[in-house]
Amino acid sequence: MNSSFQKVQDYLPESVRRCLRNLPESVTDEIQEIRLRCGRPVMISQRGKELFLTPSGLTNKNQNVIFMTSEDIARTFQAVMSHSVYSHEQDIAEGFVTIRGGCRVGICGSAVRKGNSVQSLRNVNGLNFRIAKEFQGIASGIWRQAENQSILIAGTVGSGKTTFLRDLCRIVGDNLKTSLIDERGEIASVVRGIPQYDVGIMTDILDGYPRKDGILTALRVLTPAYIVCDEISTQEDVNAILQAHGCGVRFIASVHAGNSDDIRKRLMIQPLFQAGVFQYCVYLNREQAIQRVQRL
């Protein structure tokens with residue numbers, strides 16, 4: 001059984017845990033998300049299908065389902081926060097927190113705003129547990145094709161970008177000095193300084209660093225051959241990558257895009273292509289498989 005799935009169960013209400021324990025391993029291995037909503041049924045995402053959780057298994061019919069109460073949501077939220085909401089204020093403002101095993105928990109509630117920005121959430125009404133997975137070897141073929149070059153991983157939500165990125169980091173980090181900028185703690189899942197996932201024996205992990213700060217710190221003090229980071233999303237990220245590229249550092253990174261047309265629409269990242277930062281782009285599909293490999 002996926003160890004991340006087991007760790008997620010520690011946070012869930014007993015009624016949900018009891019039902020999940022009754023599911024066969026062949027089913028639990030394919031679960032991608034567990035979604036809890038106040039006053040509504042527990043939903044399970046499995047290979048792109050949205051199913052209801054019942055005492056006897058998963059079904060697409062809204063009958064004999066497990067409902068969540070406001071007390072269930074409140075207790076689960078406190079468990080996710082390690083019973084210290086104050087220490088997770090920034091995570092709450094961003095709408096998610098990363099828990100043990102590298103799983104991300106999305107948080108729904110009423111926004112507390114200051115100007116145009118969200119400062120916090122109140123009246124939490126839903127939690128979405130995204131199950132992190134580790135599949136060693138899935139990136140081996142790409143690395144054989146693009147060895148010692150920079151690789152961009154593109155895909156939509158749920159396409160497995162982080163899983164693929166993690167395996168590439170492991171492969172590169174077993175052979176070259178690598179710096180992993182793990183802003184959201186999902187890739188290495190560091191607990192008390194120890195990564196819970198294999199990201200390579202020569203990999204230095206900058207856990208919780210904003211991408212821009214992590215990239216520039218790695219460039220200044222860690223002399224990496226490769227820098228690995230996920231979800232290029234801001235102009236600051238782009239500028240830091242261009243600076244490191246100018247110093248000869250190679251990159252493995254991901255971007256939210258379903259195809260080459262989507263990437264062309266992302267004007268912010270076009271300078272990375274113009275500067276020749278990446279030599280290959282790997283497109284993942286919703287089945288978490290390689291759809292296309294593009295030589296840039």
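**Two sheets, their helices and two pockets**

Helix α4 (residues 70–80) lies across β1, β5, β6 and β7, and runs at about 100° to β7. Here contact means heavy atoms within 4.5 Å, while axes are lines fitted to C-alpha atoms, for helices over the stretch in contact, with angles running from 0 to 180 degrees between N-to-C directions. Helices (H or I, at least four residues) and strands (E, at least two) are DSSP runs, numbered from the N terminus. The model is a predicted one, in which local features need pLDDT of at least 70 and side-chain atom pairs count only at pLDDT 80 or more, whereas totals for chains, interfaces and linings use all residues. Residues are numbered from 1 along each chain as its sequence is written, and side-chain values use heavy atoms, with hydrogens and water left out.

The four strands touched by α4 can be placed in an open sheet of 7 strands, ordered β4-β3-β2-β1-β7-β6-β5 with antiparallel pairing. Two strands are taken to pair if DSSP finds at least two bridges between them. β4 (57–59) and β5 stand at the edges with a single partner strand each, so one side of each is left without a neighbour in the sheet. From one strand to the next, the twist averages 40°. Helix α2 also packs on this sheet, where it touches β1, β2 (43–46) and β3, and its direction makes about 105° with that of β3.

A walk through the pairings of this sheet may help at the graphics screen. Strand β3 (residues 49–54) is joined to β4 in the antiparallel sense by 3 bridges, and Leu53 has Leu58 of β4 as its bridge partner. Between β1 and strand β7 (residues 117–130) there are 5 bridges, again antiparallel; Leu36 is partnered there by Leu127 in β7. Strand β6 (residues 104–114) runs antiparallel to β7 and is joined to it by 10 bridges, with Val105 standing opposite Phe129. The hairpin of β6 and β7 has 2 residues between the strands, and in it Gly115 takes a positive phi near 65°.

The other open sheet described here also has 7 strands, but its pairing is mixed, in the order β12-β9-β13-β14-β8-β15-β16. Its edge strands, β12 (203–207) and β16 (290–295), each pair on one side only. The twist of this sheet averages 15° from one strand to the next. Strands β9 (residues 178–182) and β13 (residues 226–229) run parallel and are joined by 4 bridges, one residue pair being Ile181 and its partner Cys229 in β13. Helix α7 lies across β8 (151–155), β9, β12, β13, β14 (250–256), β15 (280–284) and β16, at about 175° to β14.

Helix α7 reappears in the lining of the largest pocket, to which it gives the most, with 5 residues. A pocket is found on a 1 Å grid over the protein atoms alone: where a 1.4 Å probe fits, it is an open set of points with protein on both sides within 12 Å along at least five of seven lines, and lining residues have an atom within 4 Å of a point. Grid points are joined across faces, edges and corners, and a volume is the space filled by probe spheres set on the points. The largest pocket holds about 940 Å³ of space. Of its 38 lining residues, Gln32, Gly158, Ser159, Gly160 and Gln288 lie nearest the centre. Two or more lining residues come from each of β1 (31–37) and α7 (161–173). By class, the lining comprises 10 nonpolar, 12 polar and 16 charged residues, where Ala, Val, Leu, Ile, Met, Phe, Trp, Tyr, Cys and Pro count as nonpolar, Asp, Glu, Lys and Arg as charged, and the others, Gly among them, as polar.

The second largest pocket has a volume of about 520 Å³. It is lined by 24 residues, and His88, Asp91, Val97, Thr98 and Ile99 lie nearest its centre. At least two lining residues are supplied by each of α5 (89–94), β5 (96–98) and β10 (190–191). This lining has 7 nonpolar, 9 polar and 8 charged residues.
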